[in-house]
Amino acid sequence: MKKFSLLAVLAVIISCNSVQKYNRQRETKLPPNELKDDVDYAYEKLKELHPNLFWYVSEKDLNKKFDSLKLSITDSLSPVDFYFKIQPVVADVREGHLAVRIPGKRYSNKEIRGMKNKKGLFTRLDYYVENQKLFVKANKDSIENILPGTEILAINGVPVENYIKKYRKLMTSDGYNSTFYPYYLKDSFFNYYSAENGFMDSAKIETRYEDVIKTVHLTRESKSEADKEKDKAQKKLNTEKRTNDYVAATDSYNRTFKYLDEDSTIAYIKVKSFSRSYSDRFYKETFQKIKDKKATHLVIDVRENYGGSLSEINNLYSYLAKEPFTLVNKPEMTSRYSPLKTNYFRKTSPVGYLIKGILSPFVFTRQLFVSKKGKDGKVYYRMKQSKETKPKETAFHGKVYVLINGGSFSASSIITSKLKNDQRAILVGEETGGANDGTVAGFYSYQSLPNSKLQLPIGLLLVQPNIDFTGTKKGVRPNVEILNNLESTLNKQDPQLDWIKAEIEKEKAGN
């Protein structure tokens with residue numbers, strides 16, 4: 001027991017030292033020559049590992065961008081400041097999955113425990129971005145009586161406009177669509193802000209509501225005992241919570257199913273993220289219910305679904321297909337050895353390191369066998385989703401509508417692109433944030449820039465839906481374009497879903 005206690009103490013000391021070392025390092029300025037070496041390292045790794053680096057930008061133009069970046073580095077910079085110089089250039093590759101990780105401050109276990117006992121500062125409000133302005137969409141706790149529709153003008157004296165311009169340069173969608181940014185910005189604005197400014201217990205914000213400008217002081221309140229008990233209750237999972245993939249942090253379900261009419265003819269499935277967790281069970285039970293009720297129409301809502309598991313969307317498609325299908329083409333890689341560069345031992349405990357070490361020969365051998373050079377000279381990765389899949393026995397054969405918007409990204413774009421190509425669904429909403437013709441993701445090689453220690457995860461697979469490519473370099477376009485805005489959101493109106501329901505009523509009426 002004494003030995004165990006000693007080991008525990010040593011682990012705490014090592015952890016604290018690691019946090020302190022990291023925080024010192026992120027604030028220490030590095031000379032220009034070391035930062036330029038990091039630029040060269042990042043670009044070389046991108047050329048080595050990224051399977052379609054020049055999809056949206058020519059090699060000539062990207063060379064110029066990286067050269068210009070090096071020329072602009074004339075002074076010593078901290079890793080944080082360096083991040084704000086290198087990430088806009090990486091964003092010019094126009095791959096939504098590709099981004100340098102912002103080096104946010106780290107905290108000790110003691111500090112983290114203290115944070116868990118406090119409520120959020122900015123995260124207790126929901127936001128909306130429109131016309132490069134930040135608005136409050138919802139205020140469930142009625143914090144400082146901030147009303148929905150309130151514009152946030154400044155934070156601690158700094159105009160929000162400045163932050164939006166700064167953070168916008170850090171973002172990219174897949175290709176040349178512009179619909180992705182408002183959704184991603186509203187979700188990531190305060191992630192960037194907190195990473196840049198640290199954990200704060202209070203903030204002064206300037207707001208405007210109906211032309212009335214006032215200053216509001218936000219404070220990070222301590223959680224009451226009732227709040228703590230609620231947190232504990234939220235973490236307890238029952239069968240319903242597991243099947244619908246309950247998310248305790250937001251007190252909401254990742255997947256929901258209901259009928260939109262009293263006679264159960266219009267089924268509705270909302271998926272916030274293709275997380276894979278218990279998805280097989282959810283779809284099996286849901287489509288059995290739909291079949292039992294003999295529903296004639298199905299609405300699938302993937303608005304603001306940033307993607308996730310290829311396995312889940314392949315399974316979902318098998319409940320929609322009328323004949324055998326292949327979801328995606330065989331993913332392309334730069335080399336047969338790319339799967340071996342996925343940082344196998346990354347974030348592994350000492351015990352896990354030992355177990356992984358024993359298994360590593362088998363894992364590495366398997367990775368080599370699942371990659372193969374094609375007749376065209378390219379290297380491909382074999383996966384289940386690039387093989388033919390049969391429809392499920394309970395597959396839905398009625399009419400399918402799919403709701404999409406700029407927040408539909410990655411796997412959401414792949415499945416909607418496939419549905420549209422196969423004429424299996426009518427897409428309603430706005431152009432997706434993810435590309436129509438595929439993306440680069442799959443699994444990643446996590447590169448650490450040698451001097452700044454900035455992390456650069458690089459996707460190793462070019463994943464493309466099995467479709468006739470459009471070559472537009474944009475997102476999946478809806479069959480019926482209906483845009484949303486702040487006004488309809490605040491009024492809890494859903495013009496996109498309303499259009500679908502009205503269209504179905506016309507069909508039922510024979511019009």
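This section describes the overall dimensions, the salt bridges and two backbone features of a predicted model.

The protein chain contains 15 helices and 19 strands. Its C-alpha trace extends about 70 × 65 × 60 Å along the principal axes. A compact globule of 511 residues would have a radius of gyration near 24 Å, and the 25 Å found for the protein chain agrees with this expectation. Of the 511 residues, 46% count as buried. Among contacts between residues at least 6 apart in sequence, 73% join residues at least 24 apart. The accessible surface of the protein chain amounts to about 26500 Å², and carbon and sulfur atoms account for 50% of that area. The chain carries 85 positive and 62 negative charges, whose mean positions lie 7 Å apart.

Side chains of opposite charge can pair when their charged atoms come close. In the present model, 25 salt bridges were identified. One of them joins the side chains of Lys-166 and Glu-196, with an N to O distance of 2.4 Å. Lys-166 belongs to helix H6 (residues 160-168) and Glu-196 to helix H7 (residues 180-197), so this pair ties together parts that are 30 residues apart in sequence. Both partners are partly exposed: Lys-166 has a relative accessibility of 31%, and Glu-196 has a relative accessible area of 22%.

Helix H7 also takes part in a salt bridge through Lys-186, whose partner is Glu-304. The closest N and O atoms of this pair are 3.0 Å apart. Glu-304 is located in the loop between strand E11 (297-301) and helix H11 (310-318), and the two residues, 118 apart in sequence, link distant parts of the chain. Glu-304 is partly exposed, with a relative accessible area of 32%. Lys-186, by contrast, counts as buried because its relative accessibility is 12%, which falls under the 20% limit for buried residues.

A further salt bridge connects two loop residues, Asp-201 and Arg-220, at an N to O distance of 3.8 Å. Asp-201 lies in the loop between H7 and strand E5 (202-209), whereas Arg-220 lies in the loop between strand E6 (212-219) and helix H8 (225-235). The pair is separated by 19 residues and links distant parts of the chain. Asp-201 is partly exposed, at 41% relative accessible area, while Arg-220, at 17% relative accessibility, counts as buried. In addition to these pairs, a network of salt bridges links Lys-119, Arg-124, Asp-141 and Glu-221.

Two loop residues were examined for their backbone geometry. Most residues other than glycine have a negative phi. Arg-94, however, has a positive phi, near 65°. This residue is found in the loop between helix H4 (79-91) and helix H5 (109-116), and its relative accessibility of 26% places Arg-94 in the partly exposed class. Ser-142 likewise has a positive phi, in this case near 55°. The loop that holds Ser-142 runs between strand E2 (133-138) and strand E3 (151-155). With a relative accessible area of 48%, Ser-142 is also partly exposed.

Methods: Residues are numbered from 1 along each chain as its sequence is written. This is a predicted model: local features need pLDDT of at least 70, side-chain atom pairs count only at pLDDT 80 or more; totals for chains, interfaces and linings use all residues. Side-chain values use heavy atoms; hydrogens and water are left out. Helices (H or I, at least four residues) and strands (E, at least two) are DSSP runs, numbered from the N terminus. Buried means under 20% relative accessible area, exposed over 50%, partly exposed in between (1.4 Å probe, protein chains only). A salt bridge is a side-chain nitrogen of Lys or Arg within 4 Å of a carboxyl oxygen of Asp or Glu. The radius of gyration is taken over C-alpha atoms; the globule rule is 2.2 Å times the number of residues to the power 0.38. Contact means heavy atoms within 4.5 Å. Accessible areas come from the Shrake-Rupley method with a 1.4 Å probe; for residues, only the protein chains shown count as cover. Lys and Arg count as positive and Asp and Glu as negative; His and the chain ends are not counted. The place of a charge is taken as NZ of Lys, CZ of Arg, CG of Asp or CD of Glu.
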